[in-house]
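Please open the model in your viewer and keep the sequence panel beside it, since this tour moves from one selection to the next.

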Amino acid sequence: MSLLDYDFMQRALIAALLTGLAAPAVGTYLVQRRLALMGDGIGHVALTGVAVGLLTGWAPVWTAIVVATAGAITIEAVRARGKASADVALAMLFYGGIAGGVLLTGLAGDTAANLYAYLFGSITTVSNGDLLVIGALAIAVLVLGIGLQPQLFAVCQDEEYARASGVPVRLYNILIAVMAAVTVTVAMRTVGLLLVSALMVVPVATADQLTRGFKATFLLALGLGVVPSLSGVVFAYYVDVAPGASIVVIALLGFGLAWPLGAMINRRRRRRANGEDPRLAGRHVTAEEHPHQHGEECGHPAVEHDDHTDYLHDGHLHAAHGPHYDEH
Amino acid sequence: MLVNEVINDTDCVVTVRGAVVVLGERPVLYGADLTVPAGQVVALLGPNGSGKSTLVRAAIGLIPLAAGQVRLFGTPLARFRDWGRVGYVPQRSTAASGVPATVREVVASGRLARRRPFWPATARDRAAVDEAIELVGLGDRAEESVANLSGGQQQRVLIARAAATEPDLLVLDEPNAGVDMPSQEAFARALRTFVASGRSVLVVLHEMGPLEQLIDRAVVLSSGQVVHDGPLPVPAGVAGDWQHHHAESPRAAQEGLFG
C-alpha cells in the first residue's frame, strides 16, 4: 500500500505543501528587515493559544490564530517604538507564551505531552477541518505576499524612505506581523510551533547564497520551502519521528550544500570588471546623429557646466565639440 | 528674512515657517524658516549637529513639528498627498538590506508613490526606472546586487530611486558624504540634468565639492537657527570655511534670530 492511499497522509502532504510555500513567503520579508527571530517569538506565543483551545474545547487552530495575531501585533508595536528596553519586553512575551501554554494545558487536565504534536508537528493529526482553514489562510498569505510585493519590499528595505513616498508604513508593518502570525498557525500541524521559524528563515538564507535580486530570492525560497516540507513529511512516515525535526534538518542540509556553491558564484561575479560610466572617467563619448545646432532657439534647456554650456536633449546633456556634440 | 519676504509663498515648492523640533528632551530646531522657490537649487549648510538633517526631514513630514508649519507645493503638510512629486535621498552609507536586491529593484521601489497596490508596473513605470538608472550612470550594473557595489555607487542607487518617481523636488541629505570622486561627479552630472529641466532641489551639504556651481541660494544653520539666507556665503573653492565665518558674524546671527 502506497503512502498516498492513506487519507491522513494526503492531508499531511497538502498541509506541508501550503506551509512550505507560505512560510518562506513571509520569511523573506522578515529576513529582509532583519527580524528573522520574529517567527520564533510568535510561535512561542501561539502555544498559549493552542492551550486555550485545549482548555475551552474550541478548535486550537482558531484560538492559536487569535492569540498569535495579538502577540504579533504586540511585538510589532514594541518594535516600532524602538526603545532600548524593547528586546527585554519581547523576551518576556516569549517566556510568557511558553509558560502560559504549559500551565493552561495542565489546567485543562492534559499532559504537556499533548503539546508535543503542536510543538514539533504530527502527520496524523491534520483533520479535514484543519486542512480547510490552513488552505484558506495559506492562500491568503501568498496572495498578499506576492500581490503587495512592491509595497512590502519598499517598507522592509527602507522604512523611512517608504514613509517619504506616502506608503502607509504602519499598516504594512501590521500586515506583515499578522501574515507571520497566520503562517505560524498554518505551520503548527506540520513543522510545529517551535520549528516554524526555521522554515521561514532557512529557505531564504539558502536562496540568498545563490541569487542577486529580491524576486529571485523570493521565488527560489518558495521552492526551497516546499522540497524539505514534502520530503520531511514522507521521511516522518517511514521513520517515526516528528515531521518538524526532519523538515528542518533537510532544509539545513540544503543550506549546507548551497553555501560553498554560493561562495564560488560570488567570487566569480566579483572578479568581473568593475566598470564605470565612461562619461565620468573623462573619456570622449559623442552624441548620436544630431540634426540641429543647439543654441538659444532650439528649445532645449541650457545649463552652465564649468567653461561651456550643456543642452538638455531627451534626458542627455549635450556639449558642443567642434562639428559634433559630446555626452556630458 | 529679507529673501523670504520677497518671494511669494505660492511660488514656493517648500515653505517652512518657524519650525520647532524637539527630539526626545532635546530641542533641535528653534523657529527655523526655509523656502525653496520653484526652479531653485537651495543648499542647506551648517556644522554637525546644527539641525540640517532635522530640518529637511521635518520639511517632508518624517519628523513631527512641535510648532511652526510646513507647506509642500502650497499645500499644508497634513493634507499633502502628492508624494510622487517629492524625491528623497536619505543620508546613508548603504542601500543593502537582509535579502539581496538588484539595483533595478531598489530603484523601482522609488516609483511606489505613482503606483497602486496589486497593479503590475506599467511600461511608463519601467521606463522611468530605466531612465533613473541611466541618469546616475549605472545602466550596465542594473541587474547586480546593490551589496556588491561601492559605497558611492550605492549612494547613486539611492539618488536614482528618488529620481524614479519623476519628482519636481529633490531633497538630498548629504549625498556626497564619504562618496568617491567618480560618484560625486556622476551625481553632479545627474543634478545638472535634473535642474536643466526647471525643477527644484533642496540639498544638505557638508562640503561643496562639484556641486558648488549649481547652487542658487544657501541657507546656513547654526544651533537650530538660520544664520544666513542668501547667496553662497564664501566664494568658490574654500569649502568648510563658511562655517567659521558666519557663526561669528554678528549681522548674520541677528538675521537668524528674527528670521
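In this predicted model, begin by selecting strands β4 (residues 67–72) and β5 (residues 75–76) of chain B, which form a hairpin with two residues between them. Within the turn, click on B:Phe73, whose phi is positive, at about 50 degrees. The two strands of the hairpin pair in the antiparallel sense over two bridges, and if you select B:Arg71 you can look for its bridge partner in β5(B), which is B:Pro76.

Next, keep β4(B) in view and add strand β1 (residues 12–23) of chain B, which runs antiparallel to β4(B) and is joined to it by five bridges. To see one pairing here, select B:Arg17 together with B:Gln69, its bridge partner in β4(B).

Now move to B:Gly87, which belongs to strand β6 (residues 86–89) of chain B. Is B:Gly87 buried or exposed? B:Gly87 counts as buried because it has 29 C-beta neighbours inside 10 Å, and the cut-off for buried is 20 or more. Leaving aside residues up to four places away in sequence, the contacts of B:Gly87 include B:Ala162, B:Pro167 and B:Val171.

Finally, turn to chain A and select helix α7 (residues 149–157), which is mostly covered, with eight of its nine residues buried. Among these buried residues are A:Leu152, A:Phe153 and A:Cys156. To find what covers them, display α1 (7–32), α8 (159–164), α9 (169–187) and α11 (214–238) of chain A, and add α3 (103–108) of chain B, which is also included in the cover.

Methods:
Residues are numbered from 1 along each chain as its sequence is written. Chains are lettered from A and ligands numbered from 1 in the order in which they are written. This is a predicted model: local features need pLDDT of at least 70, side-chain atom pairs count only at pLDDT 80 or more; totals for chains, interfaces and linings use all residues. Helices (H or I, at least four residues) and strands (E, at least two) are DSSP runs, numbered from the N terminus. A residue is buried if 20 or more other C-beta atoms lie within 10 Å of its own, exposed if 12 or fewer, and partly exposed in between; C-beta atoms are placed from the backbone. Two residues are in contact if their C-beta atoms, placed from the backbone, lie within 7 Å. Two strands pair if DSSP finds at least two bridges between them.
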